[in-house]
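Got a model open and want to know how its helices pack and where the empty space sits? Let's walk through it by asking.

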Amino acid sequence: MTLGYLGAVQIQQGQLDAACTTWHTALDAMTGVQSGRARETVVQMRRALSPFRNRAGSHVAELDAKARAVLGNVV
């Protein structure tokens, strides 16, 4: 969850690329985790990415798709 929080701080500071890198790592670490906090972290991540989905490069779309897939597996 710490990496999820770090990504949130990075995006708030305008560091989109750094946030995406951090969140990719966070999602990899969450694989197989069943946790309400993990789920909420992914929901918040997708919410923070929302303004960038259509105007940023494909890395944001890739991250969002990965987050959506992880969200489908986290209870």
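Here come some questions and answers on this predicted model.

Q: What span should helix α4 have at 1.5 Å a residue, and what is the distance between its end C-alpha atoms?
A: Helix α4 runs over residues 58-73, which makes 16 residues. At 1.5 Å a residue that should give 22 Å. The model agrees with this, with the end C-alpha atoms 23 Å apart.

Q: Which residues of α4 are buried, and how wide an arc do they cover?
A: The buried set in α4 is Val 60, Leu 63, Asp 64, Ala 67, Val 70 and Leu 71. They sit on the same side of α4, because around the axis they cover an arc of only 125°.

Q: Which residues are exposed on the other side of α4?
A: Take Ser 58, which is found in helix α4. Its relative accessible area is 51%, and exposed means over 50%, so Ser 58 makes the cut. The exposed residues on that other side of α4 are Ser 58, Gly 72 and Asn 73.

Q: Is Asp 64 buried or exposed?
A: Asp 64 lies in helix α4 and touches Arg 46, Leu 49 and Arg 53, leaving aside residues up to four places away in sequence. The cut-off for buried is under 20% relative accessible area, and Asp 64 has 6%, so this residue is buried.

Q: What covers the buried residues of α4?
A: One contact to look at is that of Met 45, which lies in helix α3 and touches Leu 63 and Ala 67, among others. Both Leu 63 and Ala 67 are among the buried residues of α4. The cover of that buried set includes α2 (16-30) and α3 (36-49).

Q: How far does α3 reach, and what arc do its buried residues fall within?
A: With 14 residues, α3 reaches 20 Å from first C-alpha to last, close to the 20 Å expected at 1.5 Å a residue. Buried in α3 are Ala 38, Thr 41, Val 42, Met 45, Arg 46 and Leu 49. Seen down the axis of α3, these fall within one arc, so they line one face of the helix, and that arc is 130°.

Q: Why do buried residues three or four places apart in a helix point the same way?
A: It comes down to how the helix turns. Residues three or four places apart point the same way because an α-helix has 3.6 residues a turn.

Q: What covers the buried residues of α3, and which residues are exposed on the other side?
A: The cover over the buried residues of α3 includes α1, α2 and α4. On the other side of α3, the exposed residues are Gly 36, Arg 37 and Arg 47.

Q: What relative accessible area does Met 45 have?
A: Met 45 touches Trp 23, Leu 27, Leu 63 and Ala 67, not counting residues up to four places away in sequence. Buried means under 20%, and Met 45 is buried, with a relative accessible area of 1%.

Q: Which elements do the buried residues of α2 pack against?
A: The buried residues of α2 are Leu 16, Ala 19, Cys 20, Thr 22, Trp 23, Ala 26, Leu 27 and Met 30. They fall within an arc of 170° seen down the axis of α2, so they line one face of the helix. The face turned away from that buried side carries the exposed residues Asp 17, Thr 21 and Ala 29. The buried residues of α2 pack against α1, α3 and α4.

Q: Which residues does Phe 52 touch, not counting residues up to four places away in sequence?
A: The place of Phe 52 is in the loop between α3 and α4. From there to Trp 23 is 14 Å, C-alpha to C-alpha, for residues 29 apart in sequence. The residues Phe 52 touches are Ile 11, Leu 16 and Val 60.

Q: Which element gives the largest share of the lining of the largest pocket?
A: About 150 Å³ of space lies in this pocket. Two or more lining residues come from each of α1 (2-12) and α3. The lining divides into 6 nonpolar, 4 polar and 2 charged residues. The largest share, 6 residues, comes from α3.

Technical notes. Residues numbered from 1 in each chain as written. Predicted model: local features only at pLDDT ≥ 70, side-chain atom pairs only at ≥ 80, totals over all residues. Heavy atoms only, no water. Helix = DSSP H or I, 4+ residues; strand = E, 2+ residues; numbered from the N terminus. Expected span 1.5 Å × (residues − 1). Buried < 20%, exposed > 50% of the residue type's maximum accessible area, 1.4 Å probe, protein only. Arc of directions from axis to C-beta. Contact = heavy atoms within 4.5 Å. 1 Å grid on protein atoms, 1.4 Å probe; cavity = no way out; pocket = protein on both sides within 12 Å on 5 of 7 lines; lining within 4 Å. Points joined across faces, edges and corners; volume = space filled by probe spheres on them. Nonpolar A, V, L, I, M, F, W, Y, C, P; charged D, E, K, R; others polar.
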